[in-house]
Amino acid sequence: RPTWDDIDPSKHRHNLYLADRGKIDYSTVRFGFKRKIVVNYLRGMKKITNKTSLIRNVRIYCNERKKDYRKFMPETFIIKSRKPKPEKGEGKAQVPQVNSSELKKKEVSQSKNLDTKKTKTKKPRESWLEFRKRQARMSKKKPTHKKDERELFLAAHEREAKKKGKIANAWIAKSTLGFKGKDIKVSTNPRTLLEFIDSFSGAWVIQKYVENPMLVNGRKFDIRTWHLVTAYSEEPKLKVYSYEEGVLRVSSKKYVNSNFEDDYVHITNNAVQQSHPDYGKNELDNLLDFNDFDAILKKNLPSFRDAGGQKVEKLVERHIWPTINGIVLETLRSIQDFLLPQPCPGFHLLGYDFVVMADGRITLLEVNLAPGTSETLVNKMVEDIIELCIDTQFPVKSPKKNPLVNTDGKNGCNLSVPDLTGKNRRRKSLSALPKRRVEGKRRRRKSLSALPRARRKAAATAKRKRQISPTNKFFYIGTVSQR
């Protein structure tokens with residue numbers, strides 16, 4: 001926007017704070033000063049964008065409500081790498097050794113030249129209340145999540161192998177720190193996956209690999225959708241929006257339910273596929289938009305019916321989006337205690353990855369903290385985010401029009417004529433007016449703050465809706481409230 005100025009947040013008061021990849025230092029955000037501050041990051045989002053935290057929180061959320069998380073996510077296990085951590089000082093530059101006798105001589109010579117005497121500073125005595133607080137902090141044991149689920153994974157692998165009609169029993173290992181298709185391995189051998197994890201460090205997840213995905217001309221694809229979460233209202237709740245345009249990320253090679261070592265067949269991330277010689281041969285950047293998705297669904301699911309047994313025609317509108325929006329709200333509600341309340345107003349754009357199975361079911365793969373966007377959508381998406389999240393909070397006041405200013409531009413200039421007739425005109429006081437006119441004027445002078453809270457809130461929301469253009473592609477799907 002032309003009215004924005006780029007400043008140093010640690011030295012100047014500001015309204016908008018933009019952080020890269022969710023890294024924001026709240027100590028530099030200058031609160032107060034009777035000034036509204038908005039950030040592009042919501043604290044607590046890493047509880048679902050981190051793969052181990054996502055499955056842990058979704059499990060707890062579903063167990064409390066007696067639900068099965070495997071209805072919208074693959075079966076997942078958390079694995080801790082057994083690779084020993086490097087010792088302290090290992091890998092650091094070695095400090096050259098100095099003779100200790102020479103150091104003592106230098107210290108003695110320096111101490112003789114010093115005229116000032118060292119004085120011992122006594123620490124202030126700890127009060128009883130501070131002692132009790134320190135004792136309580138030390139007695140509290142922090143919850144540790146170092147449980148390794150290797151045995152559970154091996155038992156699940158054996159259970160799946162006994163099922164009849166299984167073509168393969170493939171599982172996929174992912175690192176919690178991996179992104180852009182890195183540190184991923186697919187295999188049918190559980191020992192191979194565990195050895196692969198133990199060759200690295202940190203926490204990993206092993207998921208059941210989707211062996212029967214829906215295909216596009218014989219190639220595998222997944223779905224990337226974008227969802228916006230805002231925290232602006234005074235009440236402890238978040239509003240969630242979805243971007244109406246998603247993309248299908250298609251692989252470069254034909255899908256086969258074997259040869260799981262080939263990443264060009266099984267991993268559809270663009271960072272992996274762009275190194276293949278056939279990248280972009282069938283589709284631009286191996287991407288398809290949702291306009292082509294309806295035709296793909298009709299071809300693969302010609303007689304798809306909903307839970308009520310009725311045939312569904314517009315599958316993207318009637319089946320895909322309702323299912324995706326429901327999964328998004330469930331994952332956000334699983335971490336609502338970490339999200340609310342926020343330290344300051346803000347917004348956050350998340351990227352969700354899904355896979356559609358051959359029978360039309362949708363399963364969630366992962367959530368991205370700082371998602372990438374296709375080049376065809378990025379400009380419009382950024383404009384819609386600014387309009388929805390920033391312009392509504394900092395509306396630009398339009399200058400008042402002066403009826404005595406000529407703005408037609410016919411003479412090549414604008415003329416301003418002073419109102420000489422009303423220069424010395426006195427304003428009539430309310431005491432000089434009749435009683436009926438006085439009551440009418442007082443009613444008209446009532447401010448918005450004098451209205452009831454419900455009417456004031458409705459007026460504020462109506463004002464925001466007027467400021468959002470009808471071409472904005474973000475649509476509201478629900479709220480996440482504090483328990």
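# Exercises on helix packing, cores and backbone

The protein chain has a secondary structure of 14 helices and 14 strands, and the model is a predicted one. Of the 483 residues in the chain, 39% are buried, and among contacts between residues at least 6 apart in sequence, 66% join residues at least 24 apart.

## Exercise 1

Task: Determine which residues have the most contacts inside the largest nonpolar core, and which helix gives the most to this core.

Solution. Begin with the core itself, which has 58 residues, those with the most contacts inside it being Met-45, Ile-48, Phe-293, Leu-332, Tyr-352 and Phe-354. Next, turn to the helices: α10, covering residues 315-333, gives the most to this core, with nine residues. Then take Leu-332 and list its contacts, leaving out residues up to four places away in sequence; the partners are Met-45, Ile-48, Val-229, Val-240, Leu-339, Leu-350, Tyr-352 and Val-480. Finally, note that another core, of 17 residues, lies apart from the largest one, and that Trp-226, Tyr-232, Tyr-243 and Leu-388 are among its members.

## Exercise 2

Task: Classify the packing of helix α9 (residues 290-300) against α10 from the angle at which their axes cross, and locate Ile-320 in this picture.

Solution. The axes of α9 and α10 come within 10 Å and cross at roughly 95 degrees. Angles of 65 to 115 degrees count as roughly perpendicular, and α9 and α10 are therefore roughly perpendicular to each other. On the α9 side the contact is made by Phe-290, Phe-293, Asp-294, Leu-297 and Lys-298, while α10 supplies Leu-315, Val-316, Ile-320 and Trp-321. Sorted by class, the residues of this contact are seven nonpolar, no polar and two charged.

Now consider Ile-320, which lies in helix α10. With a relative accessible area of 0%, Ile-320 is buried, and, not counting residues up to four places away in sequence, Ile-320 touches Phe-293, Leu-297, Leu-315 and Ile-362. One of these pairs can be followed further, for Ile-320 and Phe-293 are 27 residues apart in sequence, with a C-alpha to C-alpha distance of 9.9 Å in space.

## Exercise 3

Task: Describe how helix α5 (residues 150-161) and helix α6 (residues 190-198) pack, starting from the angle and the distance between their axes.

Solution. The two helices pack at an angle of about 155 degrees, and their axes are 11 Å apart. Because the cut-off for roughly antiparallel is an angle over 145 degrees, α5 is roughly antiparallel to α6. As to handedness, α5 passes α6 in a right-handed crossing. The residues that meet are Arg-150, Phe-153, Leu-154 and His-157 in α5 and Pro-190, Arg-191, Leu-193, Leu-194 and Asp-198 in α6. By class, the contact holds five nonpolar, one polar and three charged residues.

## Exercise 4

Task: For Asp-285 and Asn-286, state the sign of phi and decide how accessible each residue is.

Solution. Start with the location: Asp-285 is in the loop between α8 (270-273) and β11 (287-289), and Asn-286 is also found in the loop between α8 and β11. Then read the backbone, where phi of Asp-285 is near 60 degrees, a positive value in a residue other than glycine, and Asn-286, although not a glycine, has a positive phi of about 55 degrees. For accessibility, buried means under 20% relative accessible area and exposed over 50%, with partly exposed in between. Asp-285, at 32% relative accessibility, therefore counts as partly exposed, whereas Asn-286, at 1%, counts as buried.

Notes: Residues numbered from 1 in each chain as written. Predicted model: local features only at pLDDT ≥ 70, side-chain atom pairs only at ≥ 80, totals over all residues. Heavy atoms only, no water. Core = buried A, V, L, I, M, F, W, Y, C linked by side-chain atoms within 4.5 Å. Buried < 20%, exposed > 50% of the residue type's maximum accessible area, 1.4 Å probe, protein only. Helix = DSSP H or I, 4+ residues; strand = E, 2+ residues; numbered from the N terminus. Contact = heavy atoms within 4.5 Å. Axes fitted to C-alpha atoms, helices over the stretch in contact; angles between N-to-C directions. Parallel < 35°, antiparallel > 145°, perpendicular 65-115°, else oblique. Left-handed = near helix turned anticlockwise from the far one by under 90°. Nonpolar A, V, L, I, M, F, W, Y, C, P; charged D, E, K, R; others polar.
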